[in-house]
Amino acid sequence: MFAAVDGVSFAVEPGETLGIVGESGSGKSLSMLAILGLLPPGPPWVVAGQAMLNGRDLLRLSGEELRRVRGAEVAMIFQNPTSSLNPVFTIGDQVGEAIRVHNPGATAAEVTGRVLNLMELVDIPNPRRRVRQYPHEFSGGMAQRVMIAMALANSPSLLIADEPTTALDVTIQAQILEVLRTALREFNTSLVLITHNLSLVAELADRVAVMYAGCVVETASVDELFHHPRHPYTVGLMRSVPSLEERAERMVQIPGQQPSPANRPSGCAFHPRCYLAARAHVSATTAGGSSVGPPQDDTAVVSPQDGAVRELCVTSVPPLVPAGNARHASACHFWAEVGTP
């Protein structure tokens, strides 16, 4: 047995947007599915800890209690809208079902009115005609708007969006972002945004949690994280994003690969890929004594596997501790030496 996700902890305030970022396999979606009870029952999954929502621990609720909470107090927007919609029912029927399940006493007229209001909220044109259409008659962007409408059908306190714009082109992504902003303002709903897209986080999030190998390695406000990152993995993510201001001959990537949860390295899970763990880089400082930033070329990284590794990085798992101020935390032994991206 191994921990696919270990020690993940965060809080989301009313009306706040928390972005959770990291490479594929870092545990972002898995954490949210566990909270909502959407993992397959029984082995191999063992979910422990607490997931408090409006004073109740979601992990302690029975299946029936959790079904009453899902869709009413917390809702999720999944990554692929076309596969999430049922092809044999109209759009109106599917959005209406999300309302009727949690409001069994609602009349047909009330449900229809609510469906039309939701369609207008997410900016679907001519909603009276569109509600009679089927999913195959909707584009990917329109289908995602429908998924947002379904998620907001019962004005949930918390909305979880799992890569909501990944399958969409850039123009449609911008439109979906605006739809989400409007919806969040309308309902004062909190949002957990799961993504690998740092640009999306910069546009929409208030705070950010960075995950690596099943753990949170850095948390901060969005401005603080982008201007003063305090974990070398966060710096690596930022340097791998193409820039319109600086022309590069090729993408700068983080060397190596994220470890399997079943085979995490000792100490800090990131140390086999970390420029701070390699002594050749941490020993170099500027004349003024300030710490150096990451190497400007990934080929210059001295591999920790060569033996030039800080002992603490290999032997001790770094805790998530305050890094500069109370609202910024980093799970790096040497966070003070992290340079700008």
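Select helices α4 and α5 (DSSP runs of H or I, at least four residues, numbered from the N terminus). α4 covers residues 91–102 and α5 covers residues 108–121. The two pack at an angle of about 110°, axes 9 Å apart, and are therefore roughly perpendicular to each other (65 to 115 degrees). Axes here are lines fitted to C-alpha atoms over the stretch in contact, and angles run from 0 to 180 degrees between N-to-C directions. This is a predicted model: local features need pLDDT of at least 70, side-chain atom pairs count only at pLDDT 80 or more, and totals for chains, interfaces and linings use all residues.

Look down through the crossing. It is right-handed (near helix turned clockwise from the far one by less than a right angle).

Now show side chains. On α4, pick I91, G92, V95, G96, I99 and R100. On α5, pick V111, R114, V115, L118 and M119. These make the contact (heavy atoms within 4.5 Å). By class, 7 are nonpolar, 2 polar and 2 charged, with Gly counted as polar and Arg as charged.

Next, the cysteines. How many disulfides does a search of the whole structure find? The search finds 0 (the cut-off is a pair of cysteine sulfur atoms within 2.5 Å).

Go to C313. Its sulfur is 6.2 Å from the closest cysteine sulfur, in C274, too far for a bond. C313 is buried (under 20% relative accessible area, 1.4 Å probe, protein chains only), at 7%.

Move to C332. The nearest cysteine sulfur, again that of C274, is 5.9 Å away, and C332 is in no disulfide. C332 counts as buried too, at 11% relative accessibility.

Residues are numbered from 1 along each chain as its sequence is written, and side-chain values use heavy atoms, without hydrogens and water.

Key: Angles under 35 degrees count as roughly parallel, over 145 as roughly antiparallel, 65 to 115 as roughly perpendicular and the rest as oblique. Buried means under 20% relative accessible area, exposed over 50%, partly exposed in between (1.4 Å probe, protein chains only).
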